[in-house]
Amino acid sequence: MALGRTFQESFQKAVRSLECGYFGWGCAQVKELDWDWDQLKYNLRVPNPERIHAIYAALRRGMKVDAIHELTYIDKWFLTQLKELVDVELYLVTRSLSRLTKDDFYEVKRMGFSDKQIAFATKSTEKEVRSR
């Protein structure tokens, strides 16, 4: 069950519950990041099981929420929530684990990021994240 205090936290938990090897949405190497633009746009336009990861790849590659909305017709509110998750990931990638403050951890956890995701983004281990 994917209960959380925010949509983002619930969404992260839902992705983890798929049991497809994901530890949340983002903070991982996904094959969709290697797709060319045509393949990415096609997978955004046509509903399919990889569509949510195509949205991640599009956001990571700089596609705007409005452009994704035009292809997917997914409500902009949801896309904006997902964009915020990508923005937090990009923030984490620029930080080392030791530079994350207590407030940073609170916000990241509130958004549903798992210890494994934080470790991936900060180039540390899950054990190091848990010890913080």
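Helices here are DSSP runs of type H or I with at least four residues, numbered from the N terminus. The model shown in these close-ups is predicted.

**View 1. Welcome to the largest nonpolar core.** This core has 34 residues. Trp-25, Leu-44, Ile-55, Leu-59, Ile-68, Phe-113 and Ile-118 are the members that touch the most other members. Seven helices each give two or more residues to this core: α1 (7-17), α2 (37-45), α3 (51-60), α4 (65-72), α5 (76-93), α6 (102-110) and α7 (115-122). Take a moment to find Phe-113, which, leaving aside neighbours within four places in sequence, is in contact with Gln-12, Arg-16, Cys-27, Leu-85, Val-88, Glu-89, Val-108 and Ile-118.

**View 2. Trp-25 sits in a loop and is buried.** The loop in question runs between α1 and α2. Trp-25 has 2% relative accessibility and so falls under the 20% cut-off for buried residues. Beyond its neighbours within four places in sequence, Trp-25 is in contact with Phe-11, Gln-12, Val-15, Ile-52, His-53, Ile-55, Tyr-56, Leu-59, Leu-82, Leu-85, Val-86 and Gln-117. One of these partners, Tyr-56, is 31 residues away from Trp-25 in sequence, yet the two C-alpha atoms are 7.8 Å apart. The side chain of Trp-25 also reaches the backbone oxygen of Ile-52, at 3.1 Å.

**View 3. Helix α3 is mostly covered.** Of the 10 residues in α3, 8 are buried. They are Arg-51, His-53, Ala-54, Ile-55, Tyr-56, Ala-57, Ala-58 and Leu-59. If you follow them outward, you will see that these buried residues pack against α2, α4 and α5. Look just after α3 for Gly-62, whose phi is positive, at about 95°.

**View 4. Two places to visit in helix α5.** Start with Gln-81, which is found in this helix. Its relative accessible area is 14%, so Gln-81 counts as buried. Not counting residues up to four places away in sequence, Gln-81 touches Phe-7 and Gln-8. Next, look for the salt bridge between Asp-87 and Lys-83, where the closest N and O atoms are 2.6 Å apart. Asp-87 and Lys-83 are separated by about one helical turn, because they lie 4 residues apart in α5. An α-helix has 3.6 residues a turn, so residues three or four places apart point the same way. Asp-87 is partly exposed at 35% relative accessible area, and Lys-83 is partly exposed at 28%.

**View 5. A salt bridge joins a buried residue to an exposed one.** The side chains of Arg-5 and Glu-9 meet here, with 3.4 Å from N to O. Arg-5 has a relative accessible area of 61%, so it counts as exposed. Glu-9, at 7%, is buried.

**View 6. Helix α8 takes part in a salt-bridge network.** Glu-126 and Arg-130 both lie in α8 (residues 126-131), 4 residues apart, about one turn of the helix. They form a salt bridge whose closest N and O atoms are 2.8 Å apart. Glu-126 is partly exposed, with 26% relative accessibility, while Arg-130 is exposed at 57%. Widen the view a little and you will find this pair linked with Lys-109, Asp-115 and Lys-116 in a network of salt bridges. For the whole model, the count comes to 10 salt bridges.

Terms used. Residues numbered from 1 in each chain as written. Predicted model: local features only at pLDDT ≥ 70, side-chain atom pairs only at ≥ 80, totals over all residues. Heavy atoms only, no water. Core = buried A, V, L, I, M, F, W, Y, C linked by side-chain atoms within 4.5 Å. Buried < 20%, exposed > 50% of the residue type's maximum accessible area, 1.4 Å probe, protein only. Contact = heavy atoms within 4.5 Å. Polar contact = N/O pair within 3.5 Å; in protein donor to acceptor, adjacent residues only side chain to side chain. Salt bridge = Lys/Arg side-chain N within 4 Å of Asp/Glu carboxyl O.
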